[in-house]
Each structure stands twice: as structure tokens, then as C-alpha cells.
Amino acid sequence: MTNNKHVLEWVEEVKSVCRPSEVIWIDGSEEQLDKLRAEACETGEMIKLDEELLPGCFLHRTAENDVARVEGRTFICSRKEEDAGPTNNWMDPQEAYAMLKEIYDGSMEGHTMYVIPYAMGPFGSPFTKIGFECTDSIYVVLNMAIMTRCGLQAEEHLGDESDDWVRGWHAKADVDPEKRYICQFPEDNTIMSVNSAYGGNVLLGKKCFALRIASNLARKEGWLAEHMLILGLEKDGVTRYIAAAFPSACGKTNLAMLIPPAVFEAQGYKAWCVGDDIAWIRIGEDGRFYALNPENGFFGVAPGTNAKSNRNALETTRKDTIFTNVCYDADKNVVWWEGLNDEPPTNGIDWKGNPWNGKTATTKGAHPNSRFTAPAKNSPCISPEFDNPNGVPLDAIIFGGRRAKTAPLVYQSRDWEHGVFVGATMASETTAAAAGAVGVVRRDPMAMLPFCGYHMGDYWAHWLEVGKKAGANAPKIFNVNWFRTDEDGHFIWPGFGDNMRVLMWILARVDGSVDAVETPIGFVPKPEDINIEGLDLTVDDVAGLLDVDVDLWREEAAGVEEFFKKFGDKLPAELRASLETLKANLA
Ligand code: GTP
Ligand code: SPV
Ligand code: MN
């Protein structure tokens, strides 16, 4: 337990409102965590999986109505409504506090409250920030123990005097979807989450802190907090790093842990994962961009993960992992999900907790947004730079999403300002990661629509400013789309490890060692410059994947124009100018 009086005062306040029967401070020791695991298994909150097949692994099911982030119930509670901007829900902070405290009132009666001290970022890094989360959920404690560096060391990092830390209240309450709120108070470094027990809604270090609160801090302090993976590609002892922003469930974890195709492996290439979801990026002393992953684990999408699509991701989940809302194989005491293999359990329990037979079932065994929580250190390809307190230098930034048609496999922006336009205007089909319709195309600027904690217009201006500051040292900006489909709706591009073929073109562009074709939207590769050795694709297929359809892009430009109207005079002039250039190029 800390001696920091700011923390102690706040914990007293949370206690006085939630009125738990007991308070336990999490010290991060295996001994304490083991006790909690045992307790969670006793009460049925978790199921211990087969110790030989999945050592140290557990299964947890959340309520049926509580299986994804809830964007409609997520609020930025800045003092001024304008500061939340047109893309966020807003609530007045005083009203929000009053409403929330009423919901929290007595919600932990008869229950234990856990206080989790945690760090986002490695100890000893100038990037690192501290948070405390109060929660009544053992599941949250055990997940936070994987996803963050938690316990005594975090308390020591903060010290006894500092008030520079993030407050996180969480109470499961009745898991009532009508009273579910995920509120961020950027001016108070405070997060309040209630009536959920699922992932991003309750693991407050992740989206709430490391993106919504941190994006505010980053704006003030001159850095970037982004929804990005960080990946290194090594050859001949030199590793080059790329960060990529894709919307939720659009391939970050998979790209971050990619396995190089044989053609590159034969050349001696290795791929290293630094992060799969969040990047904190600063300009270093040499003027380059340095990216650090503030997390300590992966909260990855389970369905679709298998030995063929991504052996690294699968291996990461084979020990010390918590599975949420996947299918249970009662015969083997292991877990299963759609896309794992062709042997679904016949004596299974589905994500809702009902008996499920994979041979006859017409419903899914695992929820499409079912997840694994696994320690970063489990990954066979975790980067040796994972704990580097300074982060890793970036050569390129990539934006991307799920687009069945419009966006080509890859294109390069003309310069930083145009790159910010490319990120600001990206669109993607919605996925099961958030509650609501799936497969609807929506604008998701920089993959940050649900996560930017302030006015998106100011966020774009901040991006422009950071790029200006870095000048020629700024990474080059690209856009990718692994998800173009043919007439039958099948993905044309093989994806997964083969995405490295596109990354190789990107790095060659950064070096200036390969030409490109200028199109109305930016530079695309010459089809023959994408290495397809060993693939079941022709150069013509690649040409098709790279095609920029002027009619579709005119529609796209009209959509962007409409979208930009939301931002009024907060829309940076550079983005307006990029839109005019795009329209002129398409005319
Ligand atoms: P969040 O954790 O929600 O932020 O998602 P993410 O961006 O890390 O997505 P993830 O890598 O977990 O991928 C989500 C889904 O997309 C999984 O079902 C993958 O199997 C699938 N996927 C990932 N990469 C590719 C790809 O290159 N091609 C195709 N077709 N599918 C992919
Ligand atoms: C996402 O939805 O982008 C995730 C999962 O990475 S969650 O932590 O639930 O936000
Ligand atoms: Mn994410």
C-alpha cells in the first residue's frame, strides 16, 4: 500500500461511495494473484483449464449483454462541450460525477474492493505514467496484472508526493446495460466505468487511459497517443520499425506478430513485435519519432487465430492466458473458437454458457469478439526492444482499414500533410469489437474515432504540428487495405504473413530505392514491384488490387467533404487543401 496522500485520499473517497466490506491492495506478487485465481475458480467466475495442455490458463464468460466496447455509452466529460468535439459523446463533468456516484453508491456492499497500482510503460522510462484502478472484479485484477506492469513497483515509481497519476473507478454493479457508463474526465485525469465487466470497458489502463486520457496529455506535452501496433523487421543486424493504425479487429495483432513468408525468411529476415494495440510516440533528441508500447500484454481477438494464419499469436496464448467468451471443450478442458481448427468440440459450452455441439451447431461457439489476454513475454517474436525505455525509431506510419472496394492494397501519401489527410479520412467496415452493426463503412480517423479524448479537429492540428516539428525526420505515411474482395466476396489478398510483401515495398519507398506511379490519391506501386514469389497470384491480380477507381474515389471525396463539415472552423486548412487537391486530381 502506498503512502501517497493523493492516492490514499482518493481511495477513501471511492470506498465511502462504493462501501466495500474490505479493501485489498494489489502488490503484484504471484502469491497474491494465485489466491485470487483460486477464489475466482471457487466462485465460478473463472474455469481453470487443463494444466498440461494450457498451463496457467483460465476461461471467463461475461454477461451476454456485455461482450464489447459500448461507444454509445462512452463519454468525454470535459468542462466545455466543444472540447469533446463532434465525434465524442459529451457530458458535463459535474452532472456526470453526480449521476455516476449515485450508481456507484453502495454498489460494493458485501464485496471486496481491489486497488490496483499500475504503470503504463516500462519502469525507468520518461514515457511511463502511473494509474490506480479500484475495482470489485477479480477478473479485472487478473487481466490488469497481465496487461500492465502492476503492483508495488508502480507505487514506487509514483513516489509519496506526486499527484501525476490517473484515477480509475470501476464497479460491475448489476452489469445493467441501461446504466452502463464509460466516462473520461480529461481535466481531472479520471476515468469512471460502471455496469460492465468486459475488456476495454473495464481494463482502464488500455483504451480509457492509454488513449482517451493520454491523447489529452500528449496534446499538452507535444507527443502522440495512438491506436497503433509497432513492428520491427530485421535483416543483417539492422531492425527498422513501422507503426500502423487499423480500427478495432482490423489486423493489428496479426500484423504485429507476422511470420515472414519463406521468400523473405530465406533472405534472413526476422519480424519482431513491440506492440499490438497502442503506441505512445515522441520526437527523440535526434529528431526522429520514437514509439513505445505502454502495455505489458495482448488483449487479442481469438476467432481466426490459428497455426496457419498466425502461429506466433496462437503460441502466445498457450500458457498463463485468460480467455474471455470463447467456446469451452468440456471433454478436454480446453478452449476453442471459430477458425482455430476443424475439430470443434462436440461436448462444448458456448460463449453464452449453453451446451454446444460443434458437429450440429447452427450458432457460433465463441463470440466474434471473444479474446485472449496473454503476457507480451509469451510471444515467440516479442522484440528485444520491448522494454526499451526510449521506444524504437519509426521509418513509416501506416493507416488502414477494411474496404471491400475503394482503397488499393497500398499507397503512399505525397508528404506529411497529405499523410495526415489520408489518416483523417480513412474509413472501415465496423466489426464486433464494438456493440452495434457489423460491416457498415464509417469514417474512423487514424483508427481513433472511439478513442480520441478531445476535439478531432484539434487532434488533426496536433498531428500537423508534430510533423512540422520533425520536418524531414518525420516517418513517411502510407495506407494499406488487406480486405479487397472479388465478385464472390472473397478476400483477394492472402493477408497475414504475406502482408510483409507490402511492408517491403513501403521500406523500399522510405529508402528511395523503388519507383512508384502517381495517382489522384497518392503513389501506388508498379504491380511488378510487389514480390509475389510463392503466391497463387499473378502480376495482373496485383494490378487489380492496386487499381484506383476514379468513380469510387469521387464518391469517396464527396463523403469526405460531408464528413469534414462536422468540424466547422476546427478543420485545419491543410486538410481542406488536401481535399481540394484530391477533387481536382479526380476531375
Ligand atoms: P483490436 O484488438 O480490436 O484493436 O484488433 P486488431 O486490429 O489487433 O485485429 P486482429 O489482428 O486481432 O484481427 C482481427 C480479425 O481480422 C481476426 O479475425 C483476424 O483473423 C483477421 N485478420 C487479421 N489480419 C488479416 C489479414 O491480413 N487478412 C484477412 N483477411 N484477415 C485478417
Ligand atoms: C479494440 O476494441 O480496439 C480493442 C479491444 O483493442 S478493447 O480493449 O476492448 O478496446
Ligand atoms: Mn484496439
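## Manganese site

The site of the manganese ion (ligand 3) is irregular, with angles of 68 to 173° among its six donor atoms, and the model in which this site appears is a predicted one. For six octahedral donors the ideal angles at a metal are 90 or 180 degrees. Coordination of the manganese ion (ligand 3) comes from Lys207 through NZ, His227 through NE2 and Asp277 through OD, at 2.2 to 2.4 Å.

Along the chain, the donors of the manganese ion (ligand 3) follow the spacing K-x19-H-x49-D. His227, in the loop between β12 (224-226) and β13 (229-235), and Asp277, in the loop between β15 (270-275) and β16 (279-283), are 50 residues apart, and this pair links distant parts of the chain. Both His227 and Asp277 are buried.

## Helix α12

Helix α12 (residues 416-424) is largely enclosed by the rest of the structure, because eight of its nine residues are buried; among them are Trp416, His418, Phe421 and Val422. At the N-terminal end of α12, Asp415 acts as a cap, with a side-chain oxygen 3.3 Å from the backbone nitrogen of Glu417.

## Domains and their contact

The domain assignment of the chain gives domain 1 (5-45 + 73-222), domain 2 (226-296 + 384-586) and domain 3 (298-374). The centres of domain 2 and domain 3, taken over C-alpha atoms, are separated by 29 Å, and eleven residues of domain 2 are in contact with 13 residues of domain 3.

Between domain 2 and domain 3 an area of about 1,000 Å² is buried, 61% of it from carbon and sulfur atoms. On the domain 2 side, Met257, Ile259 and Ala432 lose the most area to domain 3, together 46% of what that side buries.

Notes. Residues numbered from 1 in each chain as written. Chains lettered and ligands numbered in written order. Predicted model: local features only at pLDDT ≥ 70, side-chain atom pairs only at ≥ 80, totals over all residues. Heavy atoms only, no water. Donors = N, O, S within 2.8 Å, 3.2 Å for Na, K, Ca; no water. Tetrahedral: all angles 85-135°; square planar, octahedral: opposite > 155°, others 65-115°. Helix = DSSP H or I, 4+ residues; strand = E, 2+ residues; numbered from the N terminus. Buried < 20%, exposed > 50% of the residue type's maximum accessible area, 1.4 Å probe, protein only. Polar contact = N/O pair within 3.5 Å; in protein donor to acceptor, adjacent residues only side chain to side chain. Domains from an automatic or database assignment. Contact = heavy atoms within 4.5 Å. Buried area = accessible area lost by both parts, 1.4 Å probe.
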